[in-house]
Amino acid sequence: MPDGVLSNQKKINQGRITKLDALIIGAGFSGLYQLLCLRDKVGLSVKVVEAGDGVGGTWYWNRYPGARCDSESHSYSYYFSDEILKEWKWSERYPGHAEVVRYLNFVADKLDLKRDINFNLRVCSATYNASENVWAVETEQGECFECTYLITAVGCLSSTNIPTFPGHESFEGEWYHTGQWPHEGVDFTGKRVGQIGTGSTGIQAVPVIAETAKHLTVFQRTANYSVPAKNGPLSKEFQEYLDANRADIKETIRTTPNGHPFVISERKVFDVNDAEREKIFEEAWEHGGLGFRACFQDIAFDKNANDVAADFIKRKIRSIVKDPKTADLLTDIDHPYATKRPPIDTNYFETYNRDNVDLVDVRSSPIECITPKGVKTGNAEYELDIIVFATGFDAMTGPLLRLNIEGRDGIKLADIWEAGPKSYLGLQIPGFPNLFTITGPGSPSVLCNMPVAIEQHVEWVTDCISFLEDNKIASIEATKDSMDKWVSHVNECADVTLMPHAKHTWYYGANIPGKPRVFMPYAGGMARYRAICDDIAKQKYIGFKLGETDTGDVWSAPSISVDDLVEAAMVKGPAV
Ligand code: N01
């Protein structure tokens with residue numbers, strides 16, 4: 001290995017470099033399944049490195065009050081194993097964080113995965129060595145690995161965003177970010193709590209914190225839509241329905257645009273009269289959950305249709321919130337419905353009717369600083385014992401960039417993504433051979449029910465690595481041309497939705513100062529994306545450069561254009 005690839009720490013540890021076929025970073029939904037596939041199906045030597053001391057990924061860290069999945073539990077599951085589907089019984093319509101962690105432990109134990117997971121190791125660099133065709137990976141703890149294939153399974157929302165407020169360090173109380181919640185929990189009893197942020201996380205946390213806090217002040221910068229989750233225990237009849245209909249449910253989640261267990265209606269908002277429309281919205285509201293946006297086909301694409309849905313939700317908020325000033329603030333929403341990730345809630349708006357809860361508008365009067373006693377806005381100082389930052393994440397690119405990935409000829413991922421993330425299929429980047437980014441930017445990921453997106457990626461990567469191994473091909477690397485075409489397709493797909501009406505969202509990277517404004521996920525729909533990926537694999541990985549075989553031959557892929565392939569796989573009509 002050429003000198004210079006090894007850092008000082010690695011030189012110290014040279015004697016104990018673990019050499020592997022594949023290394024996976026992260027032990028959440030993606031990492032666990034990827035380990036199973038590469039170890040037990042392909043037969044490679046594989047390890048997972050995980051920063052936490054247990055499995056769970058996102059769910060290991062996000063233990064804030066009220067943390068609960070917005071996808072329905074029966075669809076927020078692995079579907080690759082009928083046995084696991086049969087054995088595991090979810091208790092509620094939406095799983096709370098503790099139940100998801102139990103589920104992932106159950107899967108990891110059942111499949112004997114933990115013996116190949118190295119916990120408490122945080123990767124701090126990954127460097128490609130072209131002469132050896134290996135990745136050298138180091139952890140903060142000084143462990144070193146060398147592998148042919150490097151797979152990031154680091155999640156999209158795992159790099160926390162704590163805004164810089166002057167005086168933060170002077171605060172005399174306690175403070176927490178929801179994404180780094182203490183495992184022992186936080187006792188709010190008798191405390192004056194301030195929560196900054198009203199995204200999906202904040203909306204879940206408010207009602208639960210309010211139950212025990214002496215007083216809760218919610219600092220809202222952008223008002224948000226939310227639809228009731230209507231959570232509750234799963235009945236015996238529903239469990240029986242699930243057992244009898246697994247195959248159909250699997251078919252639905254794998255063929256709908258967003259991987260949820262419901263089909264988007266073909267009906268448009270103005271296809272029906274006012275009374276009928278109101279009835280449909282009312283039923284969807286009563287049923288609850290993310291299916292609200294699926295009750296008409298055009299809510300995500302037609303501004304006039306969206307305005308009608310938005311108006312319905314605002315009227316609902318007004319009917320719940322008793323104080324007119326608070327209701328004004330909560331309904332002063334500056335973006336179309338679902339152009340920011342649409343939250344669902346349990347008693348969020350109802351909580352503002354409690355005597356111990358106040359809403360503070362920090363749009364008209366922003367937070368100026370944090371003082372030793374609390375939070376100071378342009379108008380007032382709020383004395384607090386605890387500050388909760390529900391301020392989100394450096395989404396999608398943050399978790400990848402903090403790995404300090406360096407590819408061929410010393411190119412840094414941070415440099416080539418300086419103007420925003422670019423990749424082919426959200427899976428591979430030119431200059432980074434044999435590196436696969438599960439649910440990376442440019443793939444459906446956060447616009448989809450995550451386990452569905454994850455299974456599709458893991459299975460695609462597994463097939464791809466099997467293909468390389470079977471044909472003794474040394475490497476696979478996206479070409480620049482295919483990456484550029486994919487990036488323009490990603491932009492095209494976003495542009496037919498209403499997403500560009502809300503450019504201040506984390507989908508565009510706008511929540512992080514200085515981050516380039518680029519729409520990151522693929523809005524063309526999971527079904528279309530799956531078809532494109534399948535075709536690319538069938539066409540012997542068109543758009544990728546395949547490295548030498550072990551006989552020195554260079555593998556030649558068929559020369560069908562990526563454009564033709566994307567076009568051929570297009571499902572008619574827009575989809576998110
Ligand atoms: O983060 P967010 P999140 N001053 O970025 C505010 C997933 N998720 O953790 O909108 C004042 O959406 C910010 O205000 P604004 C889901 O994909 C899933 O809530 O930028 N306020 C906003 O209100 C979701 O989208 C589930 O004006 C500041 C909030 O903080 C994603 O995670 C549950 C501020 C951040 O909202 C992220 O959601 C929860 C400042 N300086 C989350 N900086 C489940 O399915 C930020 N804010 C379970």
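1. Does Asn133 count as buried or exposed? Asn133 counts as buried, at 15% relative accessibility. The cut-off for buried is under 20% relative accessible area, so a value of 15% falls in that class. Keep in mind that this is a predicted model. Asn133 is found in a loop, between strand E4 (123–129) and strand E5 (134–139). Look at its backbone too. Phi of Asn133 is near 50 degrees, which is a positive value in a residue other than glycine.

2. Compare Lys472. Phi of Lys472 is near 50 degrees, again a positive value in a residue other than glycine. Lys472 also has its place in a loop, here between helix H15 (450–470) and strand E19 (476–478). Its accessibility is 47%, so Lys472 counts as partly exposed.

3. Now the whole protein. How many helices and strands does the protein have? There are 18 helices and 20 strands. The radius of gyration is 24 Å, and the globule rule gives 25 Å for 576 residues. The two values are close, so the protein is as compact as a globular protein of that length. Along the principal axes, the C-alpha atoms fill a box of roughly 75 × 60 × 45 Å.

4. Burial and contacts come next. Of the 576 residues, 57% count as buried. Contacts with a separation of 6 or more can be sorted by distance along the chain. Residues 24 or more positions apart account for 72% of those contacts.

5. Turn to the surface and the charges. The protein exposes about 23100 Å². Carbon and sulfur atoms supply 48% of that area. The protein has 60 positive and 79 negative side chains. The centres of these two sets lie 1 Å apart.

6. Check the cysteines. A search of the whole structure finds zero disulfides. Why does Cys147 have no bond to the closest cysteine sulfur? That sulfur belongs to Cys144 and is 12 Å from the sulfur of Cys147, too far for a bond. A disulfide needs two cysteine sulfur atoms within 2.5 Å. Cys147 counts as buried, at 1% relative accessibility. Cys156 gives a similar story. The closest cysteine sulfur to that of Cys156 is in Cys448, 11 Å away, which is too far for a bond. Cys156 is buried, with a relative accessible area of 3%.

7. Trp90 deserves a look. It has its place in the loop between helix H4 (82–87) and H5. Is Trp90 buried or exposed? Trp90 is buried, with a relative accessible area of 5%. Leaving out residues up to four places away in sequence, Trp90 touches Ser73, His74, Tyr76, Ser77, Pro95, Glu99, Val100, Tyr103, Leu234 and Gln239. One of these partners, Tyr103, is 13 residues from Trp90 in sequence. In space, the C-alpha atoms of Trp90 and Tyr103 are 8.6 Å apart.

8. Follow that contact to Glu99. Glu99 lies in helix H5 (residues 97–110). It carries a negative charge by residue type, yet Glu99 is buried, with a relative accessible area of 6%. Not counting residues up to four places away in sequence, Glu99 touches Trp88, Lys89, Trp90, Ser91 and Glu92. Glu251 is 152 residues from Glu99 in sequence, and their C-alpha atoms are 25 Å apart.

9. Which residues does Thr217 touch, not counting those up to four places away in sequence? They are Val193, Gly194, Gln195, Asp358, Val360, Tyr382 and Leu384. Thr217 is found in strand E9 (residues 215–220). At 4% relative accessibility, Thr217 counts as buried.

10. Finish with two aspartates. Asp409 lies in the loop between strand E17 (405–406) and helix H14 (413–416). Asp409 is exposed, with a relative accessible area of 75%. Its C-alpha atom is separated by 40 Å from that of Val107, 302 residues away along the chain. Asp311 lies in helix H10 (residues 303–320). Asp311 is partly exposed, with a relative accessible area of 38%. The C-alpha atoms of Asp311 and Ser125 are separated by 49 Å, and these residues are 186 apart along the chain.

Definitions and conventions. Residues numbered from 1 in each chain as written. Predicted model: local features only at pLDDT ≥ 70, side-chain atom pairs only at ≥ 80, totals over all residues. Heavy atoms only, no water. Buried < 20%, exposed > 50% of the residue type's maximum accessible area, 1.4 Å probe, protein only. Helix = DSSP H or I, 4+ residues; strand = E, 2+ residues; numbered from the N terminus. Rg over C-alpha atoms; globule rule 2.2 N^0.38 Å. Contact = heavy atoms within 4.5 Å. Areas by Shrake-Rupley, 256 points an atom, 1.4 Å probe, with all protein chains shown as cover. Charge placed at Lys NZ, Arg CZ, Asp CG, Glu CD.
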